[in-house]
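Let's take a walk through a protein together. Have the model open beside you, and turn it as you read.

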Amino acid sequence: MTSNRKQGENAVPHPEVPGRPCSAAAALQLVGERWALLAIREIFYGNQRFDRIIRNTGAPRDRLAARLRALEEAGVVERQAYSERPLRFEYHLTEAGRDFAPVMHALLAWGDRWAVDTPPVAFRHRGGPGSEHDLDLTSTCRTCGEEVESGSLTIDVRAPGWDRAGPIEGP
């Protein structure tokens, strides 16, 4: 496992993954397990203590404890003591964890559309003064400011020895 350290940031390990070099595969190695994603969801919702995360995810205690340890090792969450006697901790998102918000919102939006009949949660967005409405996210290109649609994308494979079809055969 390698790590990415930018100035002023904690190191986030980069797992070695089999197959095509891919940021999505590396991310899934860190956060792609069900209980990990649900733990992150709960921390986003403000439920930072282990008992609340257990209650709201339905995860087995041992599995959740293992996932939270892995998320801590991956630099996604950090433990902070909230009680000295007995010593107890709560979980907070790191910068890497907070940067996961658009992924969580996209997963929830996809689930609202394709996995449930009635969305169980709605995010509200406070726009300008007196403006609050259900959040409706889109992807916007930071360079040109236009909304991103799948038909406007091309793939530029930059991993040495790979193209869109897979590994490049030698001569």
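We begin with the whole chain, then visit one helix and the residues around it.

A word on what you are looking at: this is a predicted model, in which local features need pLDDT of at least 70 and side-chain atom pairs count only at pLDDT 80 or more, while totals for chains, interfaces and linings use all residues. Residues are numbered from 1 along each chain as its sequence is written, and side-chain values use heavy atoms, with hydrogens and water left out.

Start with the overall plan. The protein has six helices and eight strands; here helices (H or I, at least four residues) and strands (E, at least two) are DSSP runs, numbered from the N terminus. Following the chain from the N terminus, you meet the elements in the order β-β-α-α-α-α-β-β-α-α-β-β-β-β. The C-alpha atoms fit in a box of roughly 65 × 45 × 35 Å along the principal axes.

How much of the protein is buried? Of its 171 residues, 23% count as buried. Buried means under 20% relative accessible area, exposed means over 50%, and partly exposed lies in between, with a 1.4 Å probe and protein chains only. The accessible surface comes to about 12,800 Å², and 49% of that belongs to carbon and sulfur atoms. Such areas come from the Shrake-Rupley method with a 1.4 Å probe, and for residues only the protein chains shown count as cover. We can also ask which residues touch, where a contact means heavy atoms within 4.5 Å. Among contacts between residues at least 6 apart in sequence, 35% join residues at least 24 apart.

Now find helix H2, residues 34-44. Nine of its eleven residues are buried, so this helix is largely enclosed by the rest of the structure. Which residues of H2 are buried? They are Trp35, Ala36, Leu37, Leu38, Ala39, Ile40, Arg41, Glu42 and Ile43. Their cover includes the helices H1 (23-31), H3 (50-57), H4 (61-73) and H6 (101-114), along with the strands E3 (77-83) and E4 (88-93).

Look next at the two ends of H2. At its start, a side-chain oxygen of Glu33 comes to within 2.9 Å of the backbone nitrogen of Trp35. After H2 comes Gly46, with a positive phi near 100 degrees.

Glu33 has another partner to show you. It forms a salt bridge with Arg67, with the closest N and O atoms 2.9 Å apart. Glu33 lies in the loop between H1 and H2 and Arg67 in helix H4, so the pair ties together parts that are 34 residues apart in sequence. A salt bridge here is a side-chain nitrogen of Lys or Arg within 4 Å of a carboxyl oxygen of Asp or Glu. Glu33 is partly exposed, with a relative accessible area of 27%, and Arg67 is partly exposed as well, at 24%.

By this rule, the count of salt bridges comes to seven. Inside H2, Glu42 pairs with Arg41, the closest N and O atoms being 2.8 Å apart, and both of these residues are buried. Elsewhere, Arg124, Glu132 and Asp134 are linked in a network of salt bridges.

Move on to Glu90 in strand E4. Its salt bridge with Arg49 has its closest N and O atoms 3.2 Å apart. Arg49 lies in the loop between H2 and H3 and Glu90 in strand E4, so this pair ties together parts that are 41 residues apart in sequence. Is each partner buried or partly exposed? Arg49 counts as partly exposed at 33% relative accessibility, whereas Glu90 counts as buried at 15%. Glu90 also touches Gln48, Glu78, Arg79, Gln80 and Tyr82, among others.

Our last stop is Thr57 in helix H3. With 10% relative accessibility, Thr57 counts as buried. Leaving aside residues up to four places away in sequence, Thr57 touches Trp35, Leu38, Ala39, Arg41 and Glu42. You met these five names in the list of buried H2 residues. A polar atom of the Thr57 side chain also lies 3.1 Å from the backbone nitrogen of Ala59.

Key:
A polar contact is a pair of N or O atoms within 3.5 Å; within protein, one must be able to donate a hydrogen and the other to accept it, and residues adjacent in sequence count only if both atoms are side-chain atoms.
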